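Student: Please take one part of this model and look at it closely. I would like to know how the helices pack, and what surrounds that packing.

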Amino acid sequence: MIFELLQEQLFQLALIAALLVGLCAPAVGTFIVQRRLALLGDGVGHVALTGVALGFLTGTAPVLTAVLVSIAGAVAIELVRARGRTSGDVALALLFYGGIAGGVMLMAVAPGGSNAKLNSYLFGAIASVTPLDIWIVAALAVTVLGVVAIFGRELFVLCQDEEMARASGLPVRFLSLLIAVTAALTVVIAMRVVGLLLVSALMVIPVATSQQLTRGFRTTMGLAMLFGVLASVGGLLASTYSPKVPPGAAIVLLALAGFVLALGVGKFVRRGRTQESTLSERPKLRVEEVA
Amino acid sequence: MNETAFAMTDGRVSFDGKSVLRGIDLTVCPGEVVALLGANGSGKSTLVRTLLGLTPLTGGKTLVYGTPPGRFRDWWRIGYVPQRLQVGGGVPATVREVVASGRIARQSRLRRTSAADRAAVTGALEAVRLADRAGDPVQSLSGGQQQRVLIARALAGEPDTYVMDEPTAGVDAETQQLLADTLAGLVTRGKTVVLVAHELGPLEPIITRGVVIREGRVAHDGRPPRPEGECARPGHEHQHPHADEAAAGPLTGWQGEPR
């Protein structure tokens, strides 16, 4: 059955999209989780909805307007974060709600807008991707992976210890914006596959899964990308068995199942490390990283 | 090229209207091992952060190798050891990965990790005797071991000048001695060291100059203050009369007045 499916263009496109999302989201997610910004993807996802609606309203490709608006949103979030005020938390919340409400409102008045369209962006509609979507998604994915490859070393220092990054002469402001913008691009890539409301899950869950089993940053990222691909392709395949299975939700639930499995395996692995057992307190997963 | 590591003239810093540094003049020449001493809250940590440009000056000026920190480009010449390890979110990082990040100022963006990078990292790990823990996550190390990771990170960058913020705070005697030996090795190679310390302990023999900061001003600058009676002996419990005075005294009359 899978072999027959592979002949279909629609399925091919969906598979490419799932692969790219599975690779990109955890790669960016590793930096974001390290930087304690696990919910950044969620925030950008909310704001991106306004971008999608603006696309319908103005008759341009929603993916393109979503890119622009989510980049603006990510930059705004980064600026609020960099100021480090306690009220930043509330400012971010306002931005999220504004993004969703604005999106729903604009979508309702837009000529081509409908509830079905809105749902397809909120929860993903991988079956409806067009070749143009794939080209845009592929270009964004190349950009995201290129940023990780070229700036990875600097981003690691930034996310690990911002003060050290500054004292090493790294362009801290530029790199902070870069990671925020890269996260925004990732959100748009993942939008068609898992939907804006679940985008963040693919950026965070594979990383949380991976770190149950790893000891280093590089290996965490590599394994997270593997888990991301397994979850997104696996969820897509699951959805082909029945039209009732929504691919976005299947992908996220599969990723969560992997996390639970890794949690058990990780405990077992750690118990085996006798040397560390007394001193080592491995980083505990915080609730907000999974949420 | 100006070889003076740091030159601050009339350095002033205030946070939310409260003066922390009130006109500091400090010049650090190559090969010096300067200890910045003072009670908690005297401004010594702020001073090192300001020397590096991490905290902006509100008055006066400071130079790093002849250039203001904002325009300084040769950051590989400086090795900074912050007070404690800032471990980012939940993602683990190995000791080796953290130490290797000390090379960042020497690595151009597209160049891959070179043999020289690897050798420097291995050497730094051996210097702080953590080579056997290189593959372990830093989060699993004890406080003293994490402090050694930070020192190794600075060593890996092979800088000319080391800036250390309380490298001996909360660290066991063994690590203090290790640090003293490591610093002694650096000094014989002509490196410059600026360190913040609460008490010198085993570091004392290698310090060439002591600068005592009191209430944001330089109260003493010259030979390191010798142990006076009980006060400077290792293991001595410090009382902090100065800090109490500062807290109790009238603050308004002091602000910004040059002495």
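Tutor: A residue is called buried here if 20 or more other C-beta atoms lie within 10 Å of its own, with C-beta atoms placed from the backbone. By that rule, 46% of the 259 residues of chain B are buried. The model is a predicted one.

The part to look at closely is the helix pair α4 and α5 of chain B, and some context for chain B helps. Its secondary structure comes to six helices and nine strands. Among the contacts in chain B with a separation of 6 or more, 72% are between residues 24 or more positions apart.

Two packed helices are described by the angle between their axes and the distance between the axes. For α4(B), residues 143–156, and α5(B), residues 173–188, the axes come within 10 Å and cross at roughly 15°. The two helices are therefore roughly parallel. Their crossing is right-handed. On the α4(B) side the contact uses B:G144, B:Q147, B:R148 and B:I151, and these meet B:T175, B:L179 and B:T182 of α5(B). Sorted by class, this contact holds two nonpolar, four polar and one charged residues.

The loop that leads from α3 (115–127) to α4 of chain B contains B:S140. B:S140 has 23 C-beta neighbours inside 10 Å, and therefore counts as buried. The C-alpha atom of B:S140 is 9.6 Å from that of B:V95, although 45 residues separate the two along the chain.

B:V95 leads on to the interface, since α2 of chain B covers residues 95–100. Contact between the chains involves 29 residues of chain B and 36 residues of chain A. On the chain B side, the elements giving two or more residues are β5 (78–81) and α2 (95–100). That side has 14 nonpolar, eleven polar and four charged residues.

Chain A offers another helix pair to set beside the one in chain B. The axes of α7(A), residues 131–160, and α9(A), residues 172–194, come within 9 Å and cross at roughly 150°. The pair is therefore roughly antiparallel. This crossing is left-handed. Residues of α7(A) in the contact include A:D133, A:V137, A:L140, A:V144, A:F151 and A:E154, and those of α9(A) include A:V172, A:L175, A:I179, A:T182, A:I189 and A:R192. By class, the contact of α7(A) with α9(A) has 15 nonpolar, four polar and three charged residues.

Further along chain A, helix α10(A), residues 199–210, is mostly covered, with twelve of its twelve residues buried. Among the buried residues are A:V199, A:L202, A:M203, A:P206 and A:S210.

An unreviewed UniProt entry can be laid over chain A. The "transmembrane region" stretches that it lists for chain A include 134–152, 164–183, 189–209 and 221–242. In the model, residues 164–183 of chain A are 80% helix and 0% strand, with the end C-alpha atoms 23 Å apart. Residues 221–242 of chain A are 95% helix and 0% strand, and their end C-alpha atoms are 32 Å apart.

To return to the part you asked about: α4(B) and α5(B) are roughly parallel, with a right-handed crossing, and B:S140 sits in the loop before α4 of chain B.

Methods
Residues numbered from 1 in each chain as written. Chains lettered and ligands numbered in written order. Predicted model: local features only at pLDDT ≥ 70, side-chain atom pairs only at ≥ 80, totals over all residues. Contact = placed C-beta atoms within 7 Å. Helix = DSSP H or I, 4+ residues; strand = E, 2+ residues; numbered from the N terminus. Nonpolar A, V, L, I, M, F, W, Y, C, P; charged D, E, K, R; others polar. UniProt positions renumbered as here; feature names shortened; annotations may be inferred. Axes fitted to C-alpha atoms, helices over the stretch in contact; angles between N-to-C directions. Parallel < 35°, antiparallel > 145°, perpendicular 65-115°, else oblique. Left-handed = near helix turned anticlockwise from the far one by under 90°.
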